[in-house]
Every structure is written in C-alpha cells, then in structure tokens.
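Biologist: Could you walk me through the packing in this model? I would love to see the reasoning behind each answer.

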Amino acid sequence: MPKDRIVVSLGGSVLVPGEDDSEYIRNLARLLIRLSDMYALFVVTGGGRPARYYIEVGRDLGMDERALDAMGIILTRLNARLLIQALGPKASPEPPEDYEEAREVGEEYDIVVMGGQRVSITTDGVAAELAEAVEATRLINATSVDGVYTADPNIEPTASRFDKLSYEDLIRIAGRPTGLAGPSIVIDPHAAQVIKRARISVYVVQGRDLKSVEGAIIGGDFVGTVIGEDGSR
Ligand SMILES: Nc1ncnc2c1ncn2[C@@H]1O[C@H](COP(=O)(O)OP(=O)(O)OP(=O)(O)O)[C@@H](O)[C@H]1O
Ligand SMILES: [Mg+2]
C-alpha cells in the first residue's frame with residue numbers, strides 16, 4: 001500500500017531564527033527520518049529573517065515587489081538546502097522547482113524538500129498548492145506561534161488561540177492580500193483560499209516544539225489549531 005503523503009510548511013522563522021539553528025535542524029531531521037518510514041514527507045521551507053533582511057534592503061534600494069519576491073525565493077531554496085544536508089540520503093539532493101517535479105522526486109525519495117515556487121506566492125501558499133497536487137492527507141504549518149489566534153498574539157496580548165477553525169473562519173482571519181513581498185502572517189489569504197478549495201486538513205503548530213510537530217504529522221495529540229471541515233478535529 002502506498003504511504004500517506006504529508007506536506008509540512010516549515011517557516012523560516014522556525015528553521016533559521018538565529019537560535020541554535022543547526023542543533024534544531026539536526027533534531028528535526030532525525031524526527032522526519034523516523035516518520036518517513038510511515039509517511040511520504042514533503043517539506044516546504046520558508047525564508048525567515050535572512051529573506052526579510054534582503055527584502056528590506058532591496059526595497060530601500062527601490063526594487064519592485066516581484067524582484068523582492070524573486071530574491072526571497074532564492075533564500076527559501078537556500079534554507080531547503082540546510083534541511084536537505086541534515087536529512088542526508090533520505091532526501092532528494094536538489095529542491096524541486098515545481099509540483100510535478102516534487103511528485104516525481106517523491107516516488108524516488110522518502111522526503112522531498114523544496115522552497116518557494118513563483119513570485120507573489122508565499123511558501124505557505126506553495127505548501128497548500130503542493131498538498132493539493134499530491135493529494136496530501138494533511139498539511140502541517142510549523143510556524144513561530146503555537147496556533148491561529150483571534151488576532152496577532154505578538155501585537156494583541158489578549159488574543160486567544162483557536163483549537164479548531166473552519167475554512168470560512170480561516171479566510172476571514174487571513175484577511176486581504178497586501179501585495180507586498182515577505183508578509184509575516186500565520187496563513188496568508190492565497191494559502192487560505194487553496195486550503196478551502198481543496199478541503200485540506202491543516203494542523204498549525206509551533207515548529208520548535210518537536211513533540212507537537214510529531215503529533216501533528218501522525219494525526220495524534222499536539223498543541224495547536226486544526227483547520228478543517230466544520231472546524232472539527
Ligand atoms: N491571527 C494570528 N494568529 C497567529 N499568528 C498571527 C496571526 N496574525 C499574524 N500572526 C503572526 O504570524 C507570525 C507567523 O508568521 P511568519 O510569516 O512570521 O512566520 P513563518 O511563516 O513561520 O516563517 P516565514 O514566513 O519566515 O517562512 C507570528 O509570529 C504572528 O506574529
Ligand atoms: Mg510566513
């Protein structure tokens with residue numbers, strides 16, 4: 001029987017925040033290698049601080065949003081290479097550049113790691129489109145917050161976390177597209193639309209909490225938010 005496919009959107013905020021990054025990446029790789037006996041894993045890496053830094057400097061220099069996005073994509077692919085290195089021979093050696101290639105490479109390797117895909121789409125959007133393309137059982141959004149809140153918890157200290165969220169509520173919380181490169185939002189509007197359209201089950205977890213990452217991947221217990229049909233777990 002073929003293995004269930006799981007897509008993980010791994011925020012750059014989790015992979016390279018500048019806090020013991022290599023130790024974290026090593027531990028994450030160990031977990032993913034263990035779980036790849038049971039699941040076909042597809043990881044999409046975000047850009048994080050390095051990408052935002054380039055975007056900020058490029059914007060100051062007058063680059064347009066498309067050019068900024070193109071730089072951001074390069075940074076996400078560099079982040080993919082860090083995880084690929086830690087995964088060793090279990091992972092495809094090069095980040096695929098499109099979904100068809102990702103699907104093909106997934107036939108050969110237990111773990112596929114890719115970065116951004118095209119301008120104006122965040123890596124959360126890429127992960128949602130990839131989950132749709134490979135008919136993933138679940139999409140895990142591993143980010144810097146432990147779930148989706150009523151408002152940005154870093155701005156609004158009284159915000160509370162949702163245990164469950166319906167597709168309609170996700171669309172509402174994601175808001176409207178800003179048109180700017182490098183948005184910092186838990187799930188952006190385009191990703192939310194793809195998730196709703198393809199009826200993807202999404203588990204939002206704090207990516208540095210590897211117990212919750214494991215729980216989310218196997219569909220077990222974890223701290224975070226489940227987004228799905230009628231918002232039920
Ligand atoms: N309603 C909300 N619930 C939870 N977090 C939110 C919400 N609105 C905005 N955020 C912000 O979203 C941030 C997470 O998204 P961010 O894009 O910064 O990280 P990422 O996607 O994990 O990493 P990257 O984009 O660098 O790959 C949180 O730090 C939080 O401040
Ligand atoms: Mg993000």
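What follows is a short exchange about cores, a helix and some aromatic rings.

Biologist: Happy to start with the core: which element gives the most to the largest nonpolar core?

Modeller: Bear in mind that this is a predicted model. The largest nonpolar core has 33 residues, and the elements that give two or more residues to this core include S2, H5, S3 and H6. The one that gives the most, with 5 residues, is H6.

Biologist: Which residues is leucine 130 in contact with, leaving aside its neighbours within four places in sequence?

Modeller: Leu130 is one of the residues that touch the most other members of the largest core. Beyond those sequence neighbours, its contacts are Val7, Phe42, Val44, Tyr99, Ala102 and Met114.

Biologist: Where do the buried residues of H7 fall, seen down the axis of the helix?

Modeller: The buried residues in H7 are Tyr167, Leu170 and Ala174. Their cover includes strand S5 (164-165), H8 and strand S7 (225-227). Viewed down the axis, the buried residues of H7 line one face of the helix, because they fall within an arc of 55°.

Biologist: Now the rings: why is the pair of tyrosine 53 and tyrosine 54 edge-to-face?

Modeller: The structure holds 2 aromatic pairs. For tyrosine 53 and tyrosine 54, the ring centres are 6.1 Å apart. Planes over 60 degrees apart count as edge-to-face, and here the planes are at 90°.

Biologist: Which ring does the charged end of arginine 138 sit over?

Modeller: The charged end of arginine 138 is 5.7 Å from the centre of that ring. The ring belongs to tyrosine 203.

Conventions:
Residues are numbered from 1 along each chain as its sequence is written. Chains are lettered from A and ligands numbered from 1 in the order in which they are written. This is a predicted model: local features need pLDDT of at least 70, side-chain atom pairs count only at pLDDT 80 or more; totals for chains, interfaces and linings use all residues. Side-chain values use heavy atoms; hydrogens and water are left out. A nonpolar core is a set of buried Ala, Val, Leu, Ile, Met, Phe, Trp, Tyr and Cys residues joined through side-chain atoms within 4.5 Å. Buried means under 20% relative accessible area, exposed over 50%, partly exposed in between (1.4 Å probe, protein chains only). Helices (H or I, at least four residues) and strands (E, at least two) are DSSP runs, numbered from the N terminus. Contact means heavy atoms within 4.5 Å. Rings of Phe, Tyr and Trp (its six-membered ring) pair if their centres lie within 6.5 Å; planes under 30 degrees apart count as stacked, over 60 as edge-to-face and the rest as tilted. A charge sits over a ring if NZ of Lys or CZ of Arg is within 6 Å of the ring centre and within 35 degrees of the ring normal. The arc is that of the directions from the helix axis to the C-beta atoms.
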